[in-house]
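Subject: Structure for you to look at

Hello,

Here is the structure I said I would pass on. Please open it beside this email and follow the notes below residue by residue.

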Amino acid sequence: MKNQTLQKAMLTTMAMAASLALAQAGSRPTLSSAQKTYGPGGPSTSAAKSFHRLLFPDSTYMIDDGTAEDAIGLTLGGDIIALNEFAVIPGNETITSVSIAWGTPVFPDPSLNGLSYTAVIWSDPNGDGSPTDAVVLATAPGTVSQEGTNTFISTTFNTTVTTANFFVGYIINHSGGQFPAAIDETSPSFSNRSYLAGGATGDINNLNNNEIPVAPVESFGFIGNWLIRADAGNGSPTPTPTPTPTPTPMGDALWYNGDFDGVNGLANEQDTSLGAGAAAHVYDDFIVTDSSGWDVTSVYSNDLADTNVTGATWEIRQGVSSNNGGTVVASGMTATPTVTPTGRDGFGFTEFMVEVEGLNVHLDGNGDNHYWLNVTPIGDLTGRSFDSTTNGANAIGMPPGNNGMAFFTSDFFGFFFTPTDDPALANGHDFSMGVNGTVSGGGGGGDLMLQSAVSVKRHTNAGIFSVPLPLTGDEGIEDRAGADTLVLTFNNNLTGVGSVTSSCGTARVTLASTDSHSLVVKVGSGSCNAQNITVTVDGVTDDQGNTASASVTYGKLVGDVNADGVVNFRDLRAIGAASPAHTNSSNFRNDLNTDGKVNSQDQLPARQNRGKMLP
């Protein structure tokens, strides 16, 4: 008994230290991967480009992106047990099938086809998410086919899970040199969600009673998730029936793309469980149908969400096309969006209307009257948010949610204004969102008013990145070092500006050379750190004879990368987590010295300002 205990202790210790394989001696079971055996790149083919799942899963439990970059097996063969952990989605407790992909296209191995396996569903009695006490609920036999093609082979079940968590997986016996267990290694991966066990003879009823006791795949040096899924439906989810909701918030509806159709959703989120700075945006098109134009007072999107919405960003663009973001007409951010349940839900998520109010945006109706809208909920680093699909039911205005002109963009997922009819996305669906306001009172743009403001900085060759500065509510926070450049955008074409003042530092103003609606204000804010700065422009004139003044207030706090009003360990940790990296639209707030790179040099200004806060 002592020797057996010692062997297991040694096995566990070595597993924790391994990089790509367990390095054990003698006849004890060891793990190998296809890449470890054949080397990176493979002998005959390369992996297809993969991406993390963007569409809200109908009734499918999954943590993979559909592509296996590697595959794992026991070096000398035997029984390998692979399983994924899932939290039960309310209303989806009965598992109707388990789907598994085998091998990897990087290293095809036709000898896997025809192997027998047993698919397994386990409960989690103590609800801790660990399978050390997992109890088998059901098993079903299967046969491997279409290995190395990322094709999921389904096995039928009819098993109800009564615990908060559960596990799905398989046991398969294979020979040395075979690698049946397909693993998705594309970031992001989910830790403590994919587990492994096995040996010469595997035990699915007591996963600790294996020569390799059950443990997360990371403890064996494999960072990724198994291509194992479970489904609790028939692929045609049924949304909860509800009375017909009011499609738009209070106010005048100018355009509404339509109610959620129960089909799907597309990632539309910032700072959710994807991580701080990670974002995805859905844009859909609308047409200003009145020649005098529209005066927009609010915009919104309807989102299936389980994150705590702490804010929202919004943009209206023109000229959007495939791989082309067009031109930003108006944009902003608010920390106080109005979040209202619509009365609809689906897939275990509640749909919320996330509305940005208090706007004063004029959109021209003459000439190019085609626009694209995005409203993105900001979360609290938990849960997810998905813009609901629509087919135009209860739509208002043009087009009525059925023209397939939506676009998706996300640095996190690797898309840039990609049409949503791309097979990787939503197959041409439109999305539930809308615009409220009034038809303008004449042929002109109406009174001259400030629409939006941003603080922009060039990060050398990485490009120009902007921080939205809300016109109402909490101030935006500029955390990057150096003088600030503000871009103030108005509703009409500008012809001149009188003067500018700043509550701290120096300021000068000019008409923007690239946008006739905007002013550029240079603020010398070197001595204004940890202060709120108010910039006021006077004598702004437009081409219709209007004159106006406008003010914008923002917080200057170098090092406050998470914009919570104080520089502390959270900001230092965020910079460290993002380093090293080239600056992009997801991490630019971490590039404090704006040199186009996020690295240890950005830690210095944050450390120097640690403890400082805005009034």
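Strand β33, residues 476–478, pairs with strand β40, residues 547–556, in the parallel sense, and three bridges join them. One place to look is E478, whose bridge partner in β40 is K556. Please keep in mind that this is a predicted model.

β40 also pairs with strand β39, residues 531–542, this time in the antiparallel sense and over nine bridges. If you pick T536, you will find that its bridge partner in β40 is S551. β39 and β40 make a hairpin with four residues between the strands, and in this hairpin G545 takes a positive phi near 85°.

Next is the open sheet. In which order do its five strands lie? The order is β32-β31-β34-β38-β37, and the pairing is antiparallel. The edges are taken by β32 (464–468) and β37 (506–511); each has a single partner strand, so one side of each is left without a neighbour in the sheet. From one strand to the next, the twist averages 30°.

Within this order, β34 is followed by β38. Strand β34 covers residues 484–490 and strand β38 covers residues 518–524; the two run antiparallel and are joined by six bridges. V487 is a residue to check here, since its bridge partner in β38 is V520.

Now the disulfide. A disulfide is a covalent bond between the sulfur atoms of two cysteines. The structure holds one. Which cysteines form it? They are C504 and C528, with their sulfur atoms 2.0 Å apart. The link of C504 and C528 is left-handed, with -100° about the S-S bond. C504 lies in the loop between β36 (499–502) and β37, while C528 lies in the loop between β38 and β39, so the disulfide ties together parts that are 24 residues apart in sequence. Are these cysteines buried or exposed? Both C504 and C528 are buried.

Some details of the backbone are left, beginning with cis peptide bonds. The bond from M398 to P399 is cis, with omega near -10°. P399 is found in the loop between β26 (385–390) and β27 (407–410). Another cis peptide bond joins S579 and P580, where omega is about -15°. P580 sits in the loop between α3 (569–578) and β41 (581–582).

Then there are positive phi values in residues that are not glycine. N150 is not a glycine, yet its phi is positive, at about 60°. N150 belongs to the loop between β7 (135–143) and β8 (153–160). F417 is also a residue other than glycine, and its phi is positive, near 40°. Where is F417 placed? F417 is in strand β28, residues 415–419. The relative accessibility of F417 is 3%, and buried means under 20%, so F417 counts as buried.

If you want an order for going through the model, begin with the pairing of β39 and β40, go on to the five-stranded open sheet, and then find the disulfide of C504 and C528. After that, look at the cis bonds before P399 and P580, and finish with N150 and F417.

Regards

How values were computed: Residues numbered from 1 in each chain as written. Predicted model: local features only at pLDDT ≥ 70, side-chain atom pairs only at ≥ 80, totals over all residues. Heavy atoms only, no water. Pairing = 2+ DSSP bridges. Axes fitted to C-alpha atoms, helices over the stretch in contact; angles between N-to-C directions. Disulfide = S-S within 2.5 Å. Buried < 20%, exposed > 50% of the residue type's maximum accessible area, 1.4 Å probe, protein only.
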